[in-house]
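Dear colleague,

Here is the structure that I promised to pass on to you. Please open it beside this message, and then read on for what was found in it.

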Amino acid sequence: MPIVFISLLVTIIMIILSIAFKIAGKIRLTIPLVYFIAISTFANKWASENEKLALTILGVLVALCVLSWFYSLRKKLQGRSQNSATQDYIAWQIRKAREHGIDTNTVTFDSNGHMYDSEGKQIIF
């Protein structure tokens with residue numbers, strides 16, 4: 001009977017750890033989580049003797065994760081503004097092509113927003 005409870009307890013702990021690591025991976029807190037588990041279990045004596053240092057290291061790891069969140073947010077916002085500028089440039093080129101009587105169904109655009117005719121020549125206004 002006790003083996004069943006131990007097995008159930010181990011299974012529940014493994015499920016909880018699996019969920020915790022999946023969530024930590026999504027929000028980039030895997031390294032602080034591993035550190036926290038390590039100082040809570042394997043390095044418990046060291047962590048209790050050097051409590052201030054252990055908590056400072058954990059704080060630095062979490063702060064680095066928060067900085068990476070801000071960096072990712074900044075890159076995402078810059079990408080959106082760049083995409084918006086490219087879309088505006090493409091819309092301007094389409095307006096100019098229509099003004100010059102160019103069939104807009106035959107033109108293509110590259111990744112930089114430059115317009116090309118059906119023969120592959122760049123159209124410049």
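**The loop after helix 1**

R28 is partly exposed, with a relative accessible area of 38%, and its place is the loop that links helix 1 and helix 2. Please keep in mind as you read that this is a predicted model. The backbone of R28 deserves a look, since its phi is near 60 degrees, a positive value in a residue other than glycine. As a general background, most residues other than glycine have a negative phi.

**Helix 2 and its buried side**

Helix 2 covers residues 30-40, and within it P32, L33, Y35 and I39 are buried. Why do they lie on the same side of helix 2? The reason is that they cover an arc of only 160 degrees around the axis. Those buried residues pack against three other helices, namely helix 1 (2-26), helix 3 (44-49) and helix 4 (51-99).

L33, which is found in helix 2, can serve as an example that you can follow on the screen. Once its neighbours within four places in sequence are left aside, L33 is in contact with A20, F21 and A24. By contrast, L33 and S84 are 51 residues apart in sequence, and their C-alpha atoms are 38 Å apart in space.

**The largest nonpolar core**

Which residues make up the largest nonpolar core? There are six residues in all, and they are Y35, I39, A47, A54, L58 and L61. Helix 2 and helix 4 each supply at least two residues of this core, and the largest share, three residues, comes from helix 4. If you select A54, you will find that it touches Y35, I39, W46 and A47, where residues up to four places away in sequence are not counted. In soluble globular proteins, nonpolar side chains tend to be buried together.

**A nonpolar patch on the surface**

Nonpolar residues also appear on the outside of the model, where I6, L9, V10, I13, M14, L17, F21 and V34 form a patch on the surface with about 700 Å² of accessible area together. Helix 1 gives the largest share of this patch, seven residues. One of the patch residues is F21, which lies in helix 1 and is partly exposed, with a relative accessible area of 32%. F21 is also among the residues in contact with L33, and L33 is one of the buried residues of helix 2.

Helix 1 is also the place of I16. Is I16 buried or exposed? At 53% relative accessibility, I16 counts as exposed, because the cut-off for that word is over 50%. The C-alpha atoms of I16 and A38, which are 22 residues apart along the chain, are separated by 16 Å.

**Helix 4 and the loop that follows**

Q93 has its place in helix 4, and with a relative accessible area of 2% it is buried. When its neighbours within four places in sequence are left aside, Q93 is in contact with F109, G113, H114, M115 and F125.

Helix 4 also holds both K96 and E99, which are three residues apart, about one turn of the helix. K96 forms a salt bridge with E99, in which the closest N and O atoms are 3.7 Å apart. K96 is partly exposed, with a relative accessible area of 25%, whereas E99 counts as exposed at 57% relative accessibility.

In the loop between helix 4 and strand 1 (108-109) you will find D103, which is partly exposed, with a relative accessible area of 43%. D103 and M14 are 89 residues apart in sequence, and the distance from C-alpha to C-alpha is 63 Å.

**Salt bridges**

How many salt bridges does a search of the whole structure find? The search finds two. Besides the pair K96 and E99 described above, the side chains of K121 and E119 meet in a salt bridge, with 3.7 Å from N to O. Both K121 and E119 are exposed.

With best wishes

Key:
Residues numbered from 1 in each chain as written. Predicted model: local features only at pLDDT ≥ 70, side-chain atom pairs only at ≥ 80, totals over all residues. Heavy atoms only, no water. Buried < 20%, exposed > 50% of the residue type's maximum accessible area, 1.4 Å probe, protein only. Helix = DSSP H or I, 4+ residues; strand = E, 2+ residues; numbered from the N terminus. Arc of directions from axis to C-beta. Contact = heavy atoms within 4.5 Å. Core = buried A, V, L, I, M, F, W, Y, C linked by side-chain atoms within 4.5 Å. Patch = residues over 30% accessible without salt bridge, like charges linked within 9 Å, V, L, I, M, F, W, Y side chains within 5 Å. Areas by Shrake-Rupley, 256 points an atom, 1.4 Å probe, with all protein chains shown as cover. Salt bridge = Lys/Arg side-chain N within 4 Å of Asp/Glu carboxyl O.
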